[in-house]
Amino acid sequence: AMTVIVLPLLPNTPLRILGGINPSEIWLFTVMTATISFAGYAAIRIAGTSTGIVISALAGALVSSTAVTVALARRAASGEPAGILAGGAALAGSVSLLRTAAIAIVIAPALLPKLGLPVAAAAIVFLASGFWLVHADSKTHDGAAPLGNPFELKPLLLFALAFGVISALNGWLTQRYGEGGIYVSSAAVGLMDVDVATLSAARLTGTAISIEVAAGAILTALGVNAAARVIYAAMAGPPAFALRLTAATLAAGIAAGGALF
């Protein structure tokens, strides 16, 4: 119903009156979140709690680590083990970093020296944190975990509303600072996703902008997106989930900063 009935009825054009947001894109992200949530539900039923969460988080992060984080936070709020789920979100963050860096370097190989070390450092910390959280919490949740409803509509609709507000803010910032403010636009886009900011900056590397500026814009989008995932985790999940993910994110940020400077 969400995909076949509602999605085709929504306007698929940016609405200037709402800061340039696209209602169809907002709802598509909501559908994606529900889909990842259901995939995780199925993985746990088939492979068990710890393994199922790891599989669903790693696979979902190839599409969107933000959607994975929201889906896992919702499940933690329904009573599933917060530590294992936070570990899954950290693993998704690692996959997202590596996927984004790979996209950028394929488009503009000159970005490798600027992005390689900080992205690798943060990805390694996220990976280590994720597996540690999953292993530590799985010891206290050896039995079957209580599974929430993967298609519960109320939290999905609330997140769609919050996502729309953030999208409107993104549009306002871009309009205010213009196309030349690539750092501002990368940060604004990073509130939702990193692919658009990465593709835009990588495509302009060496022509419209320097390698340093392009790398800075991509790292800005990655940092903002990691911080945004923590905020979304606090909005959609319990404190036990959000605090664990916050600790992993801070550790990854410190590692990236150290590698960068």
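**A small void and the core around it**

The second largest cavity comes out at about 40 Å³ in volume. The model is a predicted one, and it holds two cavities of 30 Å³ or more. As for what surrounds the second largest cavity, its lining is made up of Gly-93, Ser-96, Leu-97, Phe-126, Leu-222, Asn-225, Ala-226 and Arg-229. Two elements, α5 and α10, each put two or more residues into that lining, with α10 giving the largest share at four residues. Sorted by class, the lining is a mix: four nonpolar residues, three polar and one charged.

Some of these names turn up again in the largest nonpolar core. That core counts 26 residues, and the ones touching the most other members are Leu-97, Leu-111, Leu-115, Val-119, Phe-126, Ile-218 and Leu-222. Helices α5 (82-107), α6 (112-138), α9 (195-204), α10 (211-236) and α11 (239-260) are the elements supplying two or more residues each. Here too α10 has the largest share, this time with six residues.

Phe-126 is worth a look, since it both lines the second largest cavity and ranks among the core members with the most contacts to other members. Leaving aside residues up to four places away in sequence, Phe-126 touches Ala-90, Leu-91, Gly-93, Ser-94 and Leu-97, along with Arg-229, Ala-248, Thr-249 and Ala-252. Apart from the largest core sits another one, of 23 residues, including Val-54, Val-68, Val-134 and Ala-233.

Methods
Residues numbered from 1 in each chain as written. Predicted model: local features only at pLDDT ≥ 70, side-chain atom pairs only at ≥ 80, totals over all residues. Heavy atoms only, no water. Core = buried A, V, L, I, M, F, W, Y, C linked by side-chain atoms within 4.5 Å. Buried < 20%, exposed > 50% of the residue type's maximum accessible area, 1.4 Å probe, protein only. Contact = heavy atoms within 4.5 Å. 1 Å grid on protein atoms, 1.4 Å probe; cavity = no way out; pocket = protein on both sides within 12 Å on 5 of 7 lines; lining within 4 Å. Points joined across faces, edges and corners; volume = space filled by probe spheres on them. Nonpolar A, V, L, I, M, F, W, Y, C, P; charged D, E, K, R; others polar.
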